[in-house]
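Colleague: Could you walk me through how the pieces of this fold sit against one another? I'd love to go step by step.

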Amino acid sequence: MLIIDDEKNIISALKRLLRRDGYRILTGNSGQEGLDLLAKNDIDVIVADHGMAEMSGIEFLTQAKSIRPNAVRIIFSGYPNLQSINDAVHEETIYKFLAKPWDDEELRNHLEEAFRKKAVADELMALNLSSLVTG
């Protein structure tokens, strides 16, 4: 999992919350850091803050989609631009929007769901590839 937020205290809080769930968590404090990490690591789920300074979460996730198109992308914000979020969902740039502050159990459930979604997509892709080879 990759978490991108320009507020270090948010990243620390999320890492504390999620460490017991066994995720491998990479973090960055800017969109560019996130893009660099995506280029070097296989990432299944990306969580990004909407209101980062240098590039918005939507801009970051749009670029992330071109690097890791099969990653599940989640955006969270305390002050969302609902039109841009709605547009991003419609364009399949993001899978889900989560509000700050978050409910710990709800957030954990959404992340678990995101990893299940990625696993199912990977399984379907593998089945499709094997049918192409054998068919």
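Colleague: How do helix 2 and helix 3 run relative to each other?

Modeller: This is a predicted model, where local features need pLDDT of at least 70, side-chain atom pairs count only at pLDDT 80 or more, and totals for chains, interfaces and linings use all residues. Residues are numbered from 1 along each chain as its sequence is written, and side-chain values use heavy atoms, leaving out hydrogens and water. Helix 2 (residues 31–40) and helix 3 (residues 57–67), both DSSP runs (H or I, at least four residues; strands are E, at least two) numbered from the N terminus, have axes 10 Å apart at an angle of about 10°. Angles under 35 degrees count as roughly parallel, so helix 2 and helix 3 are roughly parallel.

Colleague: Which residues of helix 3 make the contact?

Modeller: Contact means heavy atoms within 4.5 Å. Helix 2 brings Gly-31, Gly-34, Leu-35, Leu-38 and Ala-39, and helix 3 answers with Phe-60, Gln-63, Ala-64 and Ile-67.

Colleague: What is the strand order of the open sheet?

Modeller: Strands pair if DSSP finds at least two bridges between them. Strand 2 (26–28) and strand 5 (96–99) are the edges, each pairing on one side only. The five strands, with parallel pairing, have the order 2-1-3-4-5.

Colleague: Which residue stands opposite Phe-76 in strand 5?

Modeller: Strand 4 (residues 72–77) pairs with strand 5 in the parallel sense over four bridges. Opposite Phe-76, in strand 5, stands Leu-98.

Colleague: At what angle does helix 2 run to strand 1?

Modeller: Axes are lines fitted to C-alpha atoms, for helices over the stretch in contact, and angles run from 0 to 180 degrees between N-to-C directions. Helix 2 lies across strand 1 (2–4), strand 2 and strand 3 (45–49), and its angle to strand 1 is about 165°.

Methods:
Angles under 35 degrees count as roughly parallel, over 145 as roughly antiparallel, 65 to 115 as roughly perpendicular and the rest as oblique.
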